[in-house]
Amino acid sequence: MLIVPGADGEIGVLARHAPLVAMLKAGSTRVHVRRGQDVREFATGPGFFKVEQDRALALVDDAVDMDDIDAGRAQQQLEAARAELAKVEAGESDADRWQLEQRIKHAENQLAVASGGGEAAFRPRTAAGPDHI
């Protein structure tokens, strides 16, 4: 099973799912590799999701394995980007506002996924129990 952060809510996909195209927002993407056991989680950026025939494809700006997220580093990146954005708003910097906002969203997403909080707080591991995945 694959669960992606759709623009209007989480989308869960099992084998033989009907064709689908959807927009994704930044959030937690989870891949259930084995029934009730191995779950791989990624902090993914915004993008698109497509299901066709026997495959699912997520085209995203960024994907970081939850095990590879360095929360301290993400927090430093978040603080630095917020400080630079404050300078832009005060007219003290000509840095690109959009780029700074993207850096902030990226760091916030990694921190939310690493801590299990934020928009990723509600994350059911199985919909109907491990026997039904």
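Is R30 buried or exposed? In this predicted model, R30 comes out at 0% relative accessibility, so it counts as buried, the cut-off being under 20%. The residue is part of strand β4, which covers residues 27-32. Its side chain does have polar company: one polar contact, at 3.1 Å, links it to the side chain of E10, and another, at 3.3 Å, links it to the side chain of S28.

Stepping back to the whole chain, the secondary structure adds up to eight strands and two helices. Read from the N terminus, the order is β-β-β-β-β-β-β-β-α-α. The chain has 133 residues, and 32% of them count as buried. As for the surface, about 8,500 Å² is exposed, with carbon and sulfur atoms supplying 50% of that area. Contacts across the sequence also show up: among those with a separation of 6 or more, 47% are between residues 24 or more positions apart.

The helical part offers a second buried residue to look at. L78 sits in helix α1, which spans residues 71-89. Its relative accessibility is 4%, and because that is under 20%, L78 counts as buried too. Leaving aside residues up to four places away in sequence, L78 touches I104, A107, E108 and L111. One of these partners, E108, is 30 residues from L78 along the chain, yet the C-alpha atoms of the two are separated by 6.9 Å.

Terms used: Residues numbered from 1 in each chain as written. Predicted model: local features only at pLDDT ≥ 70, side-chain atom pairs only at ≥ 80, totals over all residues. Heavy atoms only, no water. Helix = DSSP H or I, 4+ residues; strand = E, 2+ residues; numbered from the N terminus. Buried < 20%, exposed > 50% of the residue type's maximum accessible area, 1.4 Å probe, protein only. Contact = heavy atoms within 4.5 Å. Areas by Shrake-Rupley, 256 points an atom, 1.4 Å probe, with all protein chains shown as cover. Polar contact = N/O pair within 3.5 Å; in protein donor to acceptor, adjacent residues only side chain to side chain.
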